Amino acid sequence: MAELTIAGVDKSYGHGEQRKQVLEQIDLTLGDNEFVSLVGASGCGKSTLLTLVAGLQTFDGGDILVDGKPIDGPGLDRGVVFQSYTLLPWKSVRANVEFALLAAGNDSASARRIADEHLALVGLSQVANAWPNQLSGGMKQRVAIARALSYKPRILLMDEPFGALDAMTRHQMQLLLTRVWESHRLTVLFVTHDVEEAVYLSDRIVALGANPGHVKAIFDVDLPRPRDETIMESAAFTALKRHVLDTIREDMPALPAF
Ligand SMILES: Nc1ncnc2c1ncn2[C@@H]1O[C@H](COP(=O)(O)OP(=O)(O)OP(=O)(O)O)[C@@H](O)[C@H]1O
């Protein structure tokens, strides 16, 4: 659990005439345990903002604070899950999770115990000794989630984590994430292209506008929890989804006439 503050953050890529401002004056605070999704037209800077919070890139101005303390590069207080499965192919499923724990200073016995606990949490105890290439996409992503949670980060940063999965698996993963979030009480910043997914999972949705990326609108998701898929049929769900989509569409380039 942690509060995340992003204050007046600017980010550009390139130098001189090639310099391109990608994010301008981003202000956003996530409260303890809050689940916030970032949506917006392709290229508006969602992934860039996530990598800044992860400490994987520097920014030009502003502050990013976890519980009031400026971040200084990547840290164990922030777990990251990307769309592409970042598992090490030469290590078993269990060793992939242990790897992060050993790097975090655990001895091998506790790394094994914690890895097994987290593989059980995501329902993968049976495949602890398998190799990543023996797993489906959804299972690989469950390993990535187990690994990111295993060292008990206070904030979970997820960049299109289910973007490469088929619709059924994606939905299963959304349920799993909701369950994990409810039991672990994590602060989550979640990037997605899928507005339905954002409404289903989030407490708030932040729509970024483009060129340069800026906070265009923030939507409160006032839907009861716990949620199941029947909520997607409710009038409140549909109305909010449409509202968010309309906001994003304003930034999308028009299709050529044909
Ligand atoms: N390393 C980089 N060097 C130069 N430009 C970059 C780099 N990474 C991203 N960009 C540019 O910054 C802008 C924002 O990219 P980013 O990937 O953050 O957007 P996004 O909203 O996540 O896009 P998408 O939804 O398509 O994943 C884009 O114009 C992209 O081309």
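Q: Which residues are around the ligand, and what makes a residue count as near it?
A: This is a predicted model, in which local features need pLDDT of at least 70, side-chain atom pairs count only at pLDDT 80 or more, and totals for chains, interfaces and linings use all residues. Residues are numbered from 1 along each chain, as its sequence is written. The residues around the ligand are Tyr13, Val22, Gly40, Ser42, Gly43, Cys44, Gly45, Lys46, Ser47, Thr48 and His193. A residue is near a molecule if its C-beta atom, placed from the backbone, lies within 6 Å of it; each residue named therefore meets this cut-off.

Q: Why is Lys46 counted as charged in the shell around the ligand, and how do the residues divide?
A: Ala, Val, Leu, Ile, Met, Phe, Trp, Tyr, Cys and Pro count as nonpolar, Asp, Glu, Lys and Arg as charged, and the others, Gly among them, as polar. Lys46 is therefore charged, and the shell divides into three nonpolar, seven polar and one charged residue.

Q: Which helix gives the largest share of the shell, and what makes a stretch a helix?
A: Helix α1 (residues 46-54) provides the largest share, three residues. Helices (H or I, at least four residues) and strands (E, at least two) are DSSP runs, numbered from the N terminus.

Q: What makes β7 and β8 a pair of strands?
A: Two strands pair if DSSP finds at least two bridges between them. Strand β7 (residues 155-159) and strand β8 (residues 187-191) have five bridges, in the parallel sense, and therefore satisfy the rule. Within this pair, Asp159 stands opposite Val191 in β8.

Q: Why are β6 and β10 called edge strands?
A: Six strands form an open sheet of mixed pairing, in the order β6-β7-β8-β3-β9-β10. Strands β6 (78-81) and β10 (214-220) each pair on one side only, and this places them at the edges.

Q: In which sense do β9 and β10 pair, and what is found between them?
A: Strand β9 (residues 204-209) pairs with β10 in the antiparallel sense over six bridges, and Leu208 stands opposite Val215 in β10. The hairpin has four residues between the strands, and Asn211 there takes a positive phi near 55 degrees. Asn211 is joined to Pro212 by a cis peptide bond, with omega about -10 degrees. Pro212 lies in the loop between β9 and β10.

Q: Where is Pro226, and what is the omega of the peptide bond from Arg225?
A: Pro226 is in the loop between β10 and α7 (235-249). The peptide bond from Arg225 to Pro226 is cis, with omega near -5 degrees.

Q: What are the bounds of domain 1 and domain 2, and how do you know where they are in contact?
A: Domain bounds come from an automatic or database domain assignment, which gives domain 1 (1-77 + 154-236) and domain 2 (87-152). Two residues are in contact if their C-beta atoms, placed from the backbone, lie within 7 Å. By that test, the contact takes 12 residues from domain 1 and 10 residues from domain 2. Helix α5 (residues 167-184) supplies six residues, the largest share of the side of domain 1 that touches domain 2. By class, that side of domain 1 has nine nonpolar, three polar and no charged residues.
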